[in-house]
Structures are given as structure tokens and as C-alpha cells.
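Subject: Structure handover

Hello,

Here is the structure I promised to pass on. Please open it first, then read my notes below.

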Amino acid sequence: MSQIQERGSTHVYKVNKISKEEMESMVARCVYEQPPFCSAACPLKLDVRAMLKAAAGGNFKKALQLYEKIAPFPLILSQGCEAPCEGKCRLGEIGDGLAIREVERAVARYGEQSRLGSVFRSAKRQKIAILGSGLFTLLLAGELEKKAYPVTVFCEESDEEAYLRTAAPFLDEEAFALELRRLKGKEIRFECSCRLDAAFYEQHKASFDVLCASDEVRAKLFPDSAPIPELMICEAERLVSGPTRGVLDAAFGAKKAALTVDRLAQKLDPRNTRGQEGPTDSLLYTDLSEAKALRRVAVPAGGYTKEQAMEEAGRCIQCHCEECLKSCAYLKHYKKHPGLLAREIYNNTQIIMGDHQLNKPMNACSLCGQCTVVCPNGFDMARVCHLARQNMVSTDKMPLAPHEFALLDMLFSNGNAFLARPQPGFASCRYVFFPGCQAAAIAPETVRAAYEDLCSRLEGGVALMLGCCGAIADWAGRTEMAQQAHELLDRELARLGDPIVIAGCPSCAKELREHGVKELRGIWDVLEEIGLPEGVHKLERPMALHDSCGARGDAATQASIRRLAASLGVRLTDTPYSGDRSPCCGYGGLTAYANREVAGEMTEQCLERSDEPYLSYCMACRDRFARQGRESRHLLELVYGTDAGAPPDISEKRWNRLTLKRSLLRELWGEESMEDKLNFELNYTAEARRMMDERMILTDDVIAVLEDFRASGEAIEDEDGLLVARRRVGNATFWVKFSRTDGGYLVHRAWSHRMNVVKREG
Amino acid sequence: MAIEKNYYTIDPQGKLKCVKCGVPLVKGKAKFMYLDNGFPVELPVCPVCGFVYVPEELALGKVASVERALEDK
Ligand code: SF4
Ligand code: SF4
Ligand SMILES: [Zn+2]
């Protein structure tokens, strides 16, 4: 019996298959975290999207909190801002862009002011002076007050009211009154009626840690100074100042200046660690296909009412890229965009000691490549997960449990169930038919019919090869095992005289091509060329075609399948997400083994697209849809008029492969194979059979337990008089609960665990 | 002497019998081992031949969850 070595938990840390830089460049392809276009255009980086969302929901208090983050005087900014955001709103491409500034005005008016200047805020030590008036100085004072600096404004005006008037002459009376109240509520000290000349400056200089000035005062004091606009500083004079133009520019200037003050106060170089400042171009992707082209809500003379503001804000489509999350059940399950998930999965591979909490998501991706097609930037989650798996295997951190059953299944396909024979009567052949392990497991009669057909109609002999292409090990990240599978196939192909491979499954075709098999065709290509077999039934029925993820990016195969289906009389109903955008059935990437829940959601997602019976050209898809209770057929079943019927359980899948091999050996090559006959009768309750399938317990495992019991007599008897025996097989212990029957046993229940249990002395 | 910690205890209460030895199982000392970790437990054990019984609920419950936790270490 095949066995795979279980890892220990204390192995040495080995190689890394992917560098941090490589990962970061992969992660950067996901634009999910890019700001929306409006915010990107805003030099103050207002979270427009969030503010509009709050306003649309009538939560003006929250909306104002968001707005105040960038606007210490919200009415001033909202009445005077030039609003470059509006021109970038994506809704402007189909209708009117959002009236962002008008909503801001309403927010400033209707939102409750948040009490930032609370008594508990501990003030900073460094004292700041601002000399002069004008909007820049007002906004700078507001920014610095927000940062908890003790600020003193020296101005020529007679009082705060006059100062505010100079700074924001454009405010209407209502707004002026509100902003004056706001200004008085802030912890900003005023020294009015000052003569701001050189003598004044010299006199006060020493009392402050950082000095700032309006551009007018700066020009008066230091006519030759040269302010650096990006930093708002005259470096030689250590004076924070600079010219600004217009309301938004004054706000942006104040923001830059406040950061510079912050750096200077902390005795740091104002040039360092400033982050990205000013407007940018967003790379975000927004799907506008379902957005409505609407006019903006008309603005009455006094600005929006609450209701109008809510209505206008409600037009915001909340730009987010969700292309992949819309189409992939896996990403939907983990509710994370791939950029984030990929980073977490990469970090997971870097853990040497401790929990690998991302193992589950890493192993739940079906590696199907759908995201790469639907993502506007071609994000490749499959590569991230595949590399991460390989990495975990190579550092000996990959648990065996999630994939062991599948890997053993592969070893079975390429061991006991493997077959490679030239067509009877041929020493070497021109072709070899490779149906794939799933076809033999799920639809053995279809495989037989296809092989017989190919033998009878192709010149030069058609060999047969039953086995696994290695995709299973490849998906599991077990490169060495995949390599072994490829070597076996290479050896056997050479023995058959290197025939042209006719693949029955697009995933096998892909795997074999990637591993160097040069001459390869799909059975669909061959059938198109030689025509359908004689006497094929025309079906005249509608079906939904499910494209295989193995055929993603393979337009020729997709087209060929469609032509064949049409020539069989099938009317294909169109589904969204077909062709290259097709989702995975849940089998790919071993999701069905590693994470049944996600695999189930994948299958559901496939089946949601149509109510018609499903037609597929990969046997695994056919099987998963049938298991879900949908009428499901493989194209070859229609071609050969076979019906694989109800989906087999895991034991029947093995049995089907073995039986196909044995019966073909006997009928075509006249070889009898040894059959391991049981010398007792074995029956299962329906409950036991269902349980075994779900728990991945094979009839072979049950037989091993019972044979052991027959030899040792070891078992226990429970209260109901049922017997329970056990046996360690490979990395698991199997338990079988059974009763005796006339000629043998009836199995009632079965379970297993991987931990080994032993008696302990003392 | 330190008191030994048992991660899990099941007392068969005379309800289970060893078929080979014909005696009831008793609560006995056993150990689960997995990926270089060991856990002392008390399970139904045959006092004569030492057969240790792992009931279905234990295998699918506690044992399975500990396995998963260790696998992701
Ligand atoms: S489709 Fe998905 S992976 Fe691509 S950019 Fe959008 S959120 Fe990121
Ligand atoms: S729709 Fe909303 S999030 Fe998108 S650009 Fe316009 S305002 Fe910004
Ligand atoms: Zn005993």
C-alpha cells in the first residue's frame, strides 16, 4: 500500500521560493486599496466616499467628523473650495458627476461640531507663533490647534471678528456667525492690533519654538527670502510661510505648513517622511455598467436641505473594485480582496514558529485563474497560492492532512490502476489516448467507448494510457511528487514509441503541455476532424455549457467544444461568466479535499448561472454538478450515448478505475489480472456508506481493519452488542463498528483519526 | 511530585468489553501522539491486552480539532 511520509513539526527551515519584492509587486497589481477618483484629486485627501456614505444615510454628525479631519473650518472650505474632486467623479462619464462640494456645505451646516478641543487633550510643549492674517494663517492655526500645539496668532486687526472677515470675506452671514463661534471655541490665543514689523519680530522670536507668517508679513520681514512651496518654509530664516492662491490652495498650504511645523518642533528635517502629498491619479477600477446616468439634485439658493443632500450623496456609487469578488466564490468566502489576502498568505509562509492561520485560505483557492481574467489588472491569486503551497512544502511546514487523500489517489491511479498498452496488433502506435484519472473513475464506460472508437477510426494504432497526469501533486504544491508522475508518463510514452497524446481532459492537456509533452491534441479536436461516430443520437435540447478551467485562455478548445455540442443538436444557453471567465467547479486546486465548504460554494456559484442541465468537458465538473443534484453530462457521454449515471462515491471511484483496467486487459489484450478476492462477505448499511464517503474512508480501509480483526481477534463490544475494531493504515487509524452476519460482516459505522494512540505505563 | 495533567478522560463505566480477553474495559492511561507532540489522556483500556478505545465522538470532536491545530503549527 502506498504511503506518504508525514512531516515532523520540528524540521529545519529551508528555502524560500518567492522573495518579498516579488510578492509586493504581485500584491501591487490589486487596485482595491487605491483611493476613489474624487479623493485622489483632492489635495487634502478627503475620504469623499465615506463622507458621502454617511451623508446619504442621514448621519451628518459622522459625515462632519470625516470632513473636519481635513477642514478645521468646514464652512469656509465648503463655501470656497474649487472642488477638483467633482471633475474626476466617474459618474460624470455617464451623467452628472456628484455635487460633492454642495454636500460638504450641507454637512458643514447640519452636522454637529465634534468637540476636538476637549479638556482632556494634553497640549504639546512647543509654542508656535503665527504672524499676520489671511486665510492661510487661519487654516494653519486651525491645523496646529488640531495637533494640540499652543498657538498664538499676532494680527493687525482689532479683534478675532475682524481677523476672520479678512481671512474669509466670501462667507455669507449665517456661515460667518457659525465659523466665528467655532474660532472662539478653539484654543487659539490672539494678540490683536499688532504692528508686525522687524522690531516686533526680533522682540518675540525667542519666546517661540517655531514661527510662521502670512506671505505678506514674510515679504515685509524678509524681502529676499525664498519659500519652498512643497514645504512652505523659508529655510534660511527658519520661517514657515509661503504664497497660496485661492481657498483650496490655502488649505493645502496650511496642511503642508502644519506638517513642517510638526517636524521642526520635533527637531526633525521637514523634508523627511512626509508621505505622498497633493493630488494623484487613482488606478482604481470602477465598473460603470450598472451605474445609473442621473442628473444632480438641483441646488436651491441657500444650498441643499438635509433631504436634498442625502439624495445627492446617495447617488455616489461608492467606487470600489470588486470584479474578482463578484465572480470568485473563494474570495467571496474570505471576504477579502486579493491584495490583502495575498499579503497575509505570503506572511503565513514566513512563520517559522507558531500558528499558520492562513493555511486554510491558502489551500482553498482552486488555482483556476478566473481572477486573472476578470481583474482589470490581471491579478494572479492562483500563482500566489500555488507558490505559497510550494513554499510551505519546501520548508516542511505544509500539513499533509488536507491533501493526503488526493495524493494517495494519484499514487493509486499511477500504481495499481495504471495501464499503458499499445493497441492490440501494434508494436508501437501513432497515438495514445489519455482519458485522465477522473474520467476513468467517474465514467469508465465512456472511456471504453471512446477508446474503441478511436482505435477503429484512426490510422496507425492508438495506445491506451490510464493514469494521472500529475496535476494533483502539482496543485498540492508537491513538486517532487509531480515530477515523479511526469517521469512515469515520459517513460511509458517512450516505451509506446512517443505517440501523439490524445487528451480526454483539458486540465490534463494543460498539465502535460506545461511539462513538455510536445505532440498533444484534445479528443475534441480529433472528433471534429474525423467526425462524430456513426449512429450518434441528436439531442435537440437546451443545456448550459460550463467551460473547464483547464481550457481558460484556450479559445480553440472552447470553440471546438461549442461546435461539437451544436453538431450533437445541443442548444447552448448563454450564461454570464462563460469562456475564459468561467468559475471553477470546486475540484481544481484540490479545493474539494482541502476545504469542502468553499468547494461547495464554488459548485453552487457555477450552478446559479442557469437552470438548464449542465454540459461540461471535464469529468470532475460533471461529477461535482451531479453530486449537487443537477442533471449533468460530459460531452463524451453525449458523443458515445453512454450515461455514467449517479456520481460514484470515493470507493467506487477507485473500484471503477481498477475494474476498467482489468476488464480492458482481459477483453482487449487477453490478460487476466490477479483479483484480490475477499474470503468473507462484507456489507454496509447505507448510513455507513454515506459516512465513509464524507469522512474519506475507503472500503479498502475497512477491509484492512476487518482482516486485522480476523487475524488478531482484537475488538471491543459496546452496549448494543456491536463490535469495534481498528487498524493503523499509513498516517491514520481507522475504526469500524460492525456486526457479524452469516458469511461475514455488516458495517454500521466508521471513523478515523490521524493522531496515534498508545497505552501509557504507570 | 507534580500532579499529572490529563487532557481528556473517559470512564467506560463497565459498558464496554474486550472481545479477545472477555473482560470489561477500565479507565486507563493512554497517550495521543502527533507530529512530535504527545498528550496524556485517560481512555477505556483493556486491563489484560491493553487495547485502547477511541470512541467516534472523541475522534471527530476533540481529537480532530487538536489535529488541526497541530497541523497548522
Ligand atoms: S479585480 Fe480584485 S484583484 Fe483585481 S484589482 Fe479589483 S479587487 Fe484587486
Ligand atoms: S461615484 Fe462616489 S466614490 Fe466614485 S468618484 Fe464619484 S464621488 Fe467618488
Ligand atoms: Zn483485551
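The notes cover the interface between the chains, then a ligand site, then a sheet.

Please keep in mind that this is a predicted model.

**Where chain A meets chain B**

How much area do chain A and chain B bury between them? The figure is about 3,600 Å². Carbon and sulfur atoms account for 58% of it. Three residues stand out on the chain A side: I716(A), M755(A) and R760(A). Together they supply 23% of the area that chain A buries against chain B, more than any other three residues.

The contact draws 39 residues from chain A and 40 residues from chain B.

Next, the polar side of this interface. The rule finds five salt bridges across it. One of the residue pairs that form a salt bridge is E714(A) with K20(B). Their closest N and O atoms are 3.6 Å apart. There are also 15 residue pairs in polar contact across the interface, with both residues at pLDDT 80 or more.

Which strands of chain A help to build the side that touches chain B? Look at β17 (716-717), β18 (723-729), β19 (732-740), β20 (744-753) and β21 (756-759). Each supplies at least two residues. By class, that side of chain A has 15 charged, 12 polar and 12 nonpolar residues.

One of these strands also pairs across the chains. β17(A) pairs with β1 of chain B, residues 17-18. The sense is antiparallel, and there are two bridges. E717(A) has K17(B) as its bridge partner in β1(B).

**Around ligand 2**

The residues around ligand 2 come from chain A. Among them are the cysteines C38(A), C89(A), C316(A) and C319(A). P36(A), L52(A), L91(A), L98(A), I100(A) and I317(A) are there too. So are R49(A) and R90(A). By class, the shell has 10 nonpolar and two charged residues, and no polar ones.

**A six-stranded sheet in chain A**

This sheet is open, with mixed pairing. Its strand order is β3-β2-β1-β4-β6-β5. Why do β3 (188-191) and β5 (233-234) each have one side without a neighbour in the sheet? They stand at the edges and have a single partner strand each, so one side of each is left without a neighbour.

Further in, β1(A) (residues 128-131) and β4(A) (residues 210-213) run parallel. Four bridges join them. In β4(A), C212(A) is the bridge partner of I130(A).

Best wishes

Key: Residues numbered from 1 in each chain as written. Chains lettered and ligands numbered in written order. Predicted model: local features only at pLDDT ≥ 70, side-chain atom pairs only at ≥ 80, totals over all residues. Heavy atoms only, no water. Contact = heavy atoms within 4.5 Å. Buried area = accessible area lost by both parts, 1.4 Å probe. Salt bridge = Lys/Arg side-chain N within 4 Å of Asp/Glu carboxyl O. Polar contact = N/O pair within 3.5 Å; in protein donor to acceptor, adjacent residues only side chain to side chain. Nonpolar A, V, L, I, M, F, W, Y, C, P; charged D, E, K, R; others polar. Pairing = 2+ DSSP bridges. Near = heavy atom within 4 Å.
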